[in-house]
Amino acid sequence: MATIEECRTALDQLADSLRGAEGDVRAAAAMDRSVSCHVTDLDVTFAGRLTGGRIEVHDTFPGPPHERAQIRLAMTGDDLVALVGGELHFARAWGSGRVRLEAGLRDLFRLRRLL
């Protein structure tokens, strides 16, 4: 099972990847939205913003998200690490229910370029 530190490192790696993206991916990452990622097996939530082509984690707290973010993810820590590491394909994980993604319709269309 992934630790909180490993999950935080994975989110930092994802943020770095987004910052270096180009073209359509960079345009999709340029949104300004609140984001939460609930790591279900650790019962911890990382909350922050997707802004300027980067994910900035501002808070980590126990339990599910305290506030409803505009983009909400939920998955196990192992799945988060595997997604960021390229070992797990997002669409398959989402389709099978291993990863939950909730966002407005417009945001979902933009996010598909990232994922």
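## A loop residue to start with

Let's begin with Asp43, which sits in the loop that links strand 1 to strand 2. This is a predicted model, and in it Asp43 has a positive phi of about 50° although it is not a glycine. Is Asp43 buried, partly exposed or exposed? With a relative accessible area of 39%, Asp43 is partly exposed.

## The sheet

Next, the strands. Five of them make an open sheet in the order 3-2-1-4-5, and the pairing is mixed. Strand 3 (54-62) and strand 5 (100-103) are the edge strands, each pairing on one side only. Going from one strand to the next, the twist averages 15°.

Strand 1 (residues 33-39) and strand 4 (residues 71-75) run parallel as a pair, joined over five bridges. Which residue of strand 4 is the bridge partner of Val35? That would be Ile71. Lying across strand 1 and strand 4 is helix 3 (residues 77-84), which runs at about 110° to strand 4.

## The core and its busy members

The largest nonpolar core has 26 residues, and the ones touching the most other members are Val39, Phe46, Ile71 and Leu80. Plenty of elements chip in: helix 1 (4-19), strand 1, strand 2 (44-51), strand 3, strand 4, helix 3, helix 4 and strand 5 each give two or more residues. Helix 1 gives the most, with four residues.

Ile71 turns up again here, as both the bridge partner of Val35 and one of those core residues touching the most other members. Leaving out residues up to four places away in sequence, the contacts of Ile71 include Met31, Val35, Leu50, Leu101 and Leu111. Polar or charged names are on the list too, among them Arg33, Ser34, Ser36, Glu102 and Asp107.

## One aromatic pair

How many aromatic pairs does a search of the whole structure find? Just one. The ring centres of Phe90 and Trp94 are 5.9 Å apart and the planes meet at 40°, so the pair is tilted. An angle counts as tilted when it is neither under 30 degrees (stacked) nor over 60 (edge-to-face).

Both residues belong to helix 4 (residues 90-96), where they are four residues apart, about one turn of the helix. As for accessibility, Phe90 is buried, at 10% relative accessible area, whereas Trp94 is partly exposed, at 40%.

Definitions and conventions. Residues numbered from 1 in each chain as written. Predicted model: local features only at pLDDT ≥ 70, side-chain atom pairs only at ≥ 80, totals over all residues. Heavy atoms only, no water. Phe/Tyr/Trp six-rings, centres within 6.5 Å; stacked < 30°, edge-to-face > 60°. Buried < 20%, exposed > 50% of the residue type's maximum accessible area, 1.4 Å probe, protein only. Pairing = 2+ DSSP bridges. Axes fitted to C-alpha atoms, helices over the stretch in contact; angles between N-to-C directions. Contact = heavy atoms within 4.5 Å. Core = buried A, V, L, I, M, F, W, Y, C linked by side-chain atoms within 4.5 Å.
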